[in-house]
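Please find below my notes on this model, set out as numbered points to be read alongside the coordinates.

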Amino acid sequence: MFTKQWYQRRVRATTKLEFMVVPGSPVLVVELIRPDLKYPLGFSVKDGHITTLIRGSIGERAGIRIGHRIIAINEESTVTSDHDTIAGILLSETGRLVLKTMPSPIFDLMLGYETPLYL
């Protein structure tokens with residue numbers, strides 16, 4: 001594995017390289033409170049990815065983010081679930097709904113859907 005010093009020596013002449021460690025987990029835990037089915041959650045999902053978000057909706061107020069992948073609903077993993085299963089759970093649940101999400105690019109890298117670009 002290459003070190004920070006190795007990268008600095010290799011690119012010193014051409015560009016300034018700065019490394020920054022960002023603390024925290026990429027997983028976002030969001031708690032939605034939906035009193036009744038007549039209240040929409042306010043976001044769209046396509047294959048587990050959050051694609052749209054309505055301003056002022058239950059989802060936006062709870063902290064849902066566009067571009068995230070839903071990885072769990074109420075502590076049950078949705079990583080291998082298909083679109084219909086995820087949509088069915090979200091459309092039928094009322095009361096307290098806990099979603100775990102993470103940014104889609106990180107999710108894709110972790111599962112090997114994308115190959116990282118090495119410097």
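1. The model is a predicted one, and I begin at its surface, where Ile106, Met110, Leu111 and Tyr113 make a nonpolar patch of about 420 Å². Of these residues, Leu111 belongs to helix α4, which covers residues 104-111. Leu111 counts as partly exposed because its relative accessibility is 40%, a value in between the limits of 20% for buried and 50% for exposed.

2. Turning to the interior, the largest nonpolar core has 15 residues, and those with the most contacts inside it are Leu32, Phe43, Ile70, Leu90 and Leu99. At least two residues of this core come from each of β1 (28-34), β2 (43-46), β4 (68-73), α3 (83-92) and β6. The strand β1 gives the most, with three residues.

3. Leu90 deserves a separate look: leaving out residues up to four places away in sequence, Leu90 touches Arg34, Leu41, Phe43, Val45, Ile70, Ile73, Leu97 and Leu99. Among these partners, Phe43, Ile70 and Leu99 are also listed with Leu90 itself as residues with the most contacts inside the core.

4. Is Thr101, in strand β6 (residues 95-103), buried or exposed? Thr101 counts as buried, because its relative accessibility is 1%, which is under the 20% limit. The side chain of Thr101 nevertheless has a polar partner, making a polar contact of 3.0 Å with the side chain of His68. When neighbours within four places in sequence are left aside, the residues in contact with Thr101 are Pro26, Val27, Leu28, Ile50, His68, Arg69, Ile70 and Ile71.

How values were computed: Residues are numbered from 1 along each chain as its sequence is written. This is a predicted model: local features need pLDDT of at least 70, side-chain atom pairs count only at pLDDT 80 or more; totals for chains, interfaces and linings use all residues. Side-chain values use heavy atoms; hydrogens and water are left out. Patches are made of residues with over 30% relative accessible area and no salt bridge: like charges are joined within 9 Å, nonpolar side chains (Val, Leu, Ile, Met, Phe, Trp, Tyr) within 5 Å. Accessible areas come from the Shrake-Rupley method with a 1.4 Å probe; for residues, only the protein chains shown count as cover. A salt bridge is a side-chain nitrogen of Lys or Arg within 4 Å of a carboxyl oxygen of Asp or Glu. Helices (H or I, at least four residues) and strands (E, at least two) are DSSP runs, numbered from the N terminus. Buried means under 20% relative accessible area, exposed over 50%, partly exposed in between (1.4 Å probe, protein chains only). A polar contact is a pair of N or O atoms within 3.5 Å; within protein, one must be able to donate a hydrogen and the other to accept it, and residues adjacent in sequence count only if both atoms are side-chain atoms. Contact means heavy atoms within 4.5 Å. A nonpolar core is a set of buried Ala, Val, Leu, Ile, Met, Phe, Trp, Tyr and Cys residues joined through side-chain atoms within 4.5 Å.
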